[in-house]
Amino acid sequence: FLLLGISAATEVSFSFDVGNGPVEIVVRSPNQLNDDQWHRVNAERNVKQASLQVDQLPLEVRKAPTEGHTRLELYSQLYVGAAGGQRGFLGCIRSLRMNGVTLDLEERAKVTPGVKPGCSGHCTSYGMYCANGGKCVEKYNGYSCDCSKTAYDGPFCIKDVGAFFEEGMWLRYNFHSPGTSMKDLVSRTLLSSIDPETTAPDLNLHKEELSFSFSTTKSPCVLLYVSSYTQDFMAVLVKPSGNLQIRYSLGGTKEPYNIDVDHRSMANGQPHTVNITRNGRDIVLQLDHYPPTSYSLPTASDIQFNSPKALFLGKVIEIGKIDQDIYKYNTPGFTGCLSRVQFNQIAPLKAALRPTNASSHVHIQGELVESNCGASPLTIPPMSAATDPWHLDSASADFPYNGQAIGDGVNRNSAIIGGVIAVVIFTILCTLVFLIRYMFRHKGTYHTNEAKGAESAESADAAIMNNDPNFTETIDESKKEWLI
């Protein structure tokens, strides 16, 4: 016999017997093999040795005995997926080759009960429904969306996870667990998608991706602040005027680099969405429905965020020197709603409101109340005439044509267009009236075959006789008498 199968969740076995007794080769994987991912298996047996390899794991080799049988004689069919009395395989098998010949599994699957051709999986067709960075996970006869690396919740990762902050409340997310040394931070990948082997020992960041939404009616305040073990920091503030400000301090310059968004007040009680992406010196900011805007750090500025320490929401409670403006904006604190906060692969609000692996990193001052306020639609009030670029003042408007004004300031072209529309409507009404009269002109009339002169005749019979001479002759013939 010859058998290739999965003997345990982390083991693949290759066993055979050529007449010298059963021989088994086992490859053990450090990770589970039933993880809905593709794995490649190579098994070989010849007169000298037998070998088995799984993925990129080390090759397992077993030498053949110097004496004994070497020829494998098989007298039954090849079974794929199950054989008599054995536990069946549940999953996908593809690219099956034996002795250099590719076996057509799909053709056999068409005529085999319980087996279906093709192995694209459900995620190929329905993975698009896992939104906001959710990962599609294959399941038997279905799929699910993994939202653990996102700031969203729900079956399709579309439910906002938000909370309402009262005055004086704040949330702190430590990038390292309590008691973790700096040496242990090297292997942590929460902050960056970079391979941990290439991460700098002090966990410097060359890029950040930050997204969140908020609504508030009070200013100034600190929305988000990322501190470090050095003097580097990043902050998103609402200034006393209600305008948004993004502040970067990465070293190399005396003053932080500020991005001021002055075209609209953010402290208007409406939900606002902020997306900030920094890659090296380039910064891209997108606010609400406005198009993205690009900025660049000064040439003297550093491009590394050195040793990030903690992320604060609502207020900054940090030991050490804090920027003076941020210190002033820190009082009395943020009051309003924050939702779907995500910094790279960290979701601090979700870690605070949901039991996740990162919940131990969160410390809260005050009572955090979950709220779906971030899911409210954006209803921006109309802009004032002074700030609306499309508003035209009647006194200073310069129209591309100089039409003659008639009536109460109505343009001549408008009057012509109105007259044309009136003529068209009148024509349509006349056509409808004509059609109605034509369709109903015979309404209530009918035709008969009454004899002429029926009005003056004494009776109906008399009218018929007066009108039809043949009928009269018939009557006269009937009046004749015959004597026999």
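Q: How many aromatic pairs are there in this predicted model, and what makes two rings a pair?
A: The count comes to ten aromatic pairs. Two rings of Phe, Tyr or Trp pair if their centres lie within 6.5 Å.

Q: Why is the pair of Y126 and Y129 called stacked?
A: Start with the distance: the ring centres are 6.4 Å apart, and the limit for a pair is 6.5 Å. Then take the angle: the planes stand at 25°, and planes under 30 degrees apart count as stacked. Both tests are passed, so Y126 and Y129 are a stacked pair.

Q: Why are Y126 and Y129 called partly exposed?
A: Partly exposed is the band between 20% and 50% relative accessible area. Y126 has 39% and Y129 has 47%, so each one falls in that band.

Q: What makes Y225 and F233 a stacked pair?
A: Their ring centres are 5.5 Å apart and their planes are at 20°. Set those values against the limits of 6.5 Å and 30 degrees, and you can see why the pair is stacked.

Q: Are Y225 and F233 buried or exposed, and which aromatic cluster holds them?
A: Both Y225 and F233 are buried. They join W170 and F312 in one aromatic cluster.

Q: What makes us say that the charged end of R94 sits over the ring of W38?
A: The charged end of R94 is 3.6 Å from the centre of the ring of W38. The distance limit is 6 Å, and the charge must also be within 35 degrees of the ring normal. R94 is listed as sitting over W38, so the angle test is met as well.

Q: Where does the charged end of R45 sit?
A: The charged end of R45 sits over the ring of F16, at 6.0 Å from its centre.

Q: Why is V12 called buried, and where is V12 found?
A: V12 has 6% relative accessibility, and buried means under 20%, so the label fits. V12 is found in strand β2, which covers residues 11-16.

Q: Which residues does V12 touch, not counting those up to four places away in sequence?
A: Among them are L4, I6, I25, V27, L33, V41, L52 and V54. Each of these counts as touching because heavy atoms come within 4.5 Å.

Q: How many residues does the largest nonpolar core have, and which have the most contacts inside it?
A: The largest core has 45 residues, and F165, L244 and I276 have the most contacts inside it. Strand β16, residues 221-228, gives the most to this core, with four residues. Apart from it lies another core of twelve residues, including L237, F312, I322 and Y329. In soluble globular proteins, nonpolar side chains tend to be buried together.

Q: What is F165 in contact with, leaving aside its neighbours within four places in sequence?
A: Its contacts include W170, L171, L313, F334, L338, L349 and L368.

Q: Why is S95 called exposed and D288 called buried?
A: S95 has 56% relative accessibility, and exposed means over 50%, so S95 takes that label. D288 has 14%, and buried means under 20%, so D288 takes the opposite label.

Q: What is phi near in S95 and in D288?
A: Phi is near 55° in S95 and near 50° in D288. Most residues other than glycine have a negative phi, and most peptide bonds are trans. S95 lies in the loop between β6 and β7, and D288 in the loop between β21 and β22.

Q: What makes the peptide bond from S219 to P220 cis?
A: Its omega is near 0°. P220 is in the loop between β15 and β16. The peptide bond from T331 to P332 is also cis, with omega near 0°, and P332 lies in the loop between α3 and β24.

Q: Which residues does UniProt list as "transmembrane region", and what is the structure of that span?
A: An unreviewed UniProt entry lists residues 415-436. In the model, the span is 100% helix and 0% strand, and its end C-alpha atoms lie 32 Å apart.

Q: How many helices and strands does the protein have, and how much of the protein counts as buried?
A: The protein has seven helices and 28 strands. Of its 484 residues, 31% count as buried.

Definitions and conventions
Residues numbered from 1 in each chain as written. Predicted model: local features only at pLDDT ≥ 70, side-chain atom pairs only at ≥ 80, totals over all residues. Heavy atoms only, no water. Phe/Tyr/Trp six-rings, centres within 6.5 Å; stacked < 30°, edge-to-face > 60°. Buried < 20%, exposed > 50% of the residue type's maximum accessible area, 1.4 Å probe, protein only. Helix = DSSP H or I, 4+ residues; strand = E, 2+ residues; numbered from the N terminus. UniProt positions renumbered as here; feature names shortened; annotations may be inferred. Core = buried A, V, L, I, M, F, W, Y, C linked by side-chain atoms within 4.5 Å.
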